[in-house]
Structures are given as C-alpha cells and as structure tokens.
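Student: I should be grateful for a close look at one part of this structure. Could the strands that pair side by side be described carefully, together with what lies around them?

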Amino acid sequence: MICYVCQKELSKENETEEHIILNALGGKLKSKKLICISCNSKFGSGIDNKLSSQLQSIATLINVKRDRGKPQNVKAKHGSKEILIEPGGKMKLSRAYHKIDGNVYHIEAPSIGEARKVLLGLKRKHPQLDIDKALENVEPIKDKNVNAKIELNFGGYEISRAFCKMAVNFFIFHGGNPKDIQHLLPFIEGKVKEADVHYFYPRSEVITKGKEEILHSIILKGDKLRKQLYVYIELFNEFKMIVFLSRDYQGEDLYESYHYNLVTNEILEYETDFMITAKEFKKSISKEIDEAKFLERLNYLFQQIRDVNVNRKIHEITTSSMEELIQKFPQEENPEFTEEMINIFTKTVIGKYLSVFQK
Ligand SMILES: [Zn+2]
C-alpha cells in the first residue's frame, strides 16, 4: 500500500486514519490505506479545514456525532447583537450587552456570571451600587422569535479540491488503481487551477429522501457505454458536486455507493442504483452555482433541520417524563397503568412542552 498523494509506502510509522468524508462534518467512513500522516495533516490544515469551516454551522445545528468532542458553537447575528448557536440549535448571547435608559441600567447577559462582571465594572464608577441586590432583579429572557442570521458560504477553489479528494478517496477505498487518478493530484494539491469538478444541481433529486433524512452520500459510477468514470457527492443533502475521474473510461460497469444518515447515525442501503441521465448531465453541470436555486434549497434544508430538532425535543420530553413516572410508580408495584398515572404523565408532558415551545 502506498500513499496515493506522495507515493510513499504506508507503514506503522506513517499510517493514519483518513476520513473520506470529514469527521468535523459528521463523516464516519475512514480508512488507513489511503494517505500518509504528513499528507493528511497538510490537507487537514488546508482544504479540509476550509470545507469544514464553510459547512460548520450546518453540522452544529444538526449536532452531528463526531469521533471526539462536539461541533463548535456558531456565531450568528440577532439584530445588532452577536449570539452563539450551540450544537442542536440552542442560542445564547455571545457576551453581555448593556444600555442606559435615564438613570436605569439594562443589562442583558448570557449568564448570571457575565451579568455580575458588568456590574463589577459599573461599581468602579458607582461605588454605592449593591451588586447582589441588582442581581435579585434578574429575569430570564425567553425570546422565541429570534431570527438568527448565519453567514454561510459554499464554493471556491479549495472546496472543489476538497470534493475532488473525497472522490479520489472513495475510488481508492473501493479498490481503484492510484494510477488512474494521477492527473487529479496536482489539482488536489493546489498546483493547477482547473479540473473536471463541477457543481451538480439537477432538476429532480438524484437521491430521493424522506422529510427527516439528512444524508452524506457518495456514489462512484463507471459507465462502460458512455466511457465515464465519476463520483457524485452530496453533503447534508444540498451541497452537491460531481468529480469526473475519467471521460475515457475503458473498464467495466461499476457502482459503489455510501449513504449516511446524520439524524439517526445509520448507514442506509438502497436497493436500486441511482442513475444520472445524459440529459441531466448536460443541463445541470456547472462551474458556477445558480444562487437563486441554491438559496431555495438551503431554506428547505434549514426547515428540515428545525423539524428534526423539534422532534428530538419532543422525544426527549416524553422519555424524561416516562422516567419520572417510573420513579414515582416503580414497575414492580404498579404492573398496570392506572388513571392516576396517566393523568400525572400527561400533566408532566404538557408542562414540559409548554415551557419549551410556548411563545
Ligand atoms: Zn503522503
């Protein structure tokens, strides 16, 4: 086995686990038989880092499972204030804000500790200030109408290179010959500007998905008749590119696919192969993103993520309410549900539900 980038022999000394889809974005598929540790770290701080930073906000909102740690908080704007979005979508102020209204100070802070810091600062100017007394007036702000604005960019030279590397990774992972992708290495390494890598946004979806399926998908296809060898990649359903490995493919028909559901953390199997028609190829391939179409798709994705997070919350509420009920009425002594138990359960669920979802 050699590193397909630098051609060094892979050994115990230089082996490393290369994630075919970035782990920072919830990717799980990995292999030690692709690239060496020094090439891995070079890409890690380069194109991989660029891709993960562009799509980090999506990974955080979904709260994707990573090998280590949680996705990082994402900065967003709510009016003129900066807020932080935590994994799963919970929001808080990034720091304390205060304003003076006549002789009244209004302080908004992400925590009591932060509010106390602001008060300590004010006490230097106003020594008579009673901090503990001021903190007695704390009221929680539950703003259900936060319209968080996230900055999200997708695309560019480094991103095309990162998708190209994913495609080559997947090809080699499935036994592809490193010789067949040599021509793509200068592009992946940033030595040339162009390669046969394109955005791909067909009119109808290549992979039909359910409402709560948010997937990372990779399809490797060798088409003997059309002499094409290509990899189609979808990250989070909506970030789509196609990488041609060859337009003069001499091999047999080939089909390998991988679909990972980021909501349930399961690998999905489809019975049928996905096909891209010749017409779609011609029409939907582009070096530029159609921004209007892309924005529409992104809105759909954000709606999907909202639904996923609401359903997760509902699941959490019912599970924890059931646990509380069982604690109160141990199963050994209460083999059957009584009316009293059902009433208590319903009340608990409704109470929790209102505190989370009520506007
Ligand atoms: Zn290497």
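Tutor: The account below takes the seven-stranded sheet as its centre and then turns to other parts of the chain. Please keep in mind throughout that the model is predicted.

Let us begin with the order of the strands. The open sheet of seven strands runs β13-β12-β9-β10-β11-β8-β14, and its pairing is antiparallel. Its edges are formed by β13 (266–268) and β14 (285–286). Each of these has a single partner strand, so one side of each is left without a neighbour in the sheet. As a general point, strands of a sheet pair through backbone hydrogen bonds, in either a parallel or an antiparallel manner.

Within this sheet, strand β11 (239–246) deserves particular attention. How many of the eight residues of β11 are buried? Six of them are, and β11 is therefore described as mostly covered, given that a residue counts as buried if 20 or more other C-beta atoms lie within 10 Å of its own. In the order of the sheet, β11 stands between β10 and β8.

On the β10 side, seven bridges join β10 (residues 228–235) to β11, and the two strands run antiparallel. Two facing pairs help to locate this contact on the model. Tyr-232 stands opposite Ile-242 of β11, and Ile-233 has Met-241 as its bridge partner in β11. The chain passes from β10 to β11 through a hairpin with three residues between the strands. In that turn, Phe-236 has a positive phi of about 50 degrees.

On the β8 side, three bridges join β8 (residues 197–200) to β11, again in the antiparallel sense. Here Tyr-199 stands opposite Met-241. Met-241 thus appears twice in this description: opposite Tyr-199 of one neighbouring strand and as the bridge partner of Ile-233.

What follows β11 along the chain is a loop that leads to β12 (254–261), and Asp-253 is found in this loop. Is Asp-253 buried or exposed? Asp-253 is exposed, because 11 other C-beta atoms lie within 10 Å, and a residue with 12 or fewer is classed in that way. Its contacts, leaving aside neighbours within four places in sequence, are Gly-222, Asp-223 and Lys-224. Asp-253 and Asp-223 are 30 residues apart in sequence, yet their C-alpha atoms are 5.1 Å apart in space.

A second sheet may be set beside the one just described. This open sheet has three strands in the order β3-β4-β5, with antiparallel pairing. Its edge strands are β3 (74–78) and β5 (91–93), each of which pairs on one side only. Neighbouring strands in this sheet are turned by 40 degrees against each other on average, direction ignored. Between β4 (residues 81–85) and β5 there are three bridges, and Leu-84 has Lys-92 of β5 as its bridge partner.

Ile-150 makes contact with Val-74 and Ala-76, as well as with Ser-57, when neighbours within four places in sequence are left aside. Ile-150 itself is placed in the loop between α4 (131–136) and α5 (157–173). It counts as partly exposed because it has 16 C-beta neighbours inside 10 Å. Ile-150 and Ser-53 are 97 residues apart along the chain, and their C-alpha atoms are separated by 13 Å.

A further pair of strands is found in β6 (residues 97–101) and β7 (residues 104–108), which run antiparallel and are joined by five bridges. In this pair, the bridge partner of His-98 is Ile-107 of β7. Their hairpin has two residues between the strands, and Gly-102 takes a positive phi near 65 degrees.

Finally, the helices offer a pairing of another kind. The axes of α8 (residues 291–328) and α9 (residues 339–357) come within 9 Å and cross at roughly 145 degrees. This crossing is right-handed. Among the residues that make the contact are Ile-317 and Leu-325 of α8, and Ile-344, Phe-345 and Val-349 of α9. By class, the contact comprises eight nonpolar, three polar and three charged residues.

Key
Residues numbered from 1 in each chain as written. Predicted model: local features only at pLDDT ≥ 70, side-chain atom pairs only at ≥ 80, totals over all residues. Axes fitted to C-alpha atoms, helices over the stretch in contact; angles between N-to-C directions. Helix = DSSP H or I, 4+ residues; strand = E, 2+ residues; numbered from the N terminus. Left-handed = near helix turned anticlockwise from the far one by under 90°. Contact = placed C-beta atoms within 7 Å. Nonpolar A, V, L, I, M, F, W, Y, C, P; charged D, E, K, R; others polar. Pairing = 2+ DSSP bridges.
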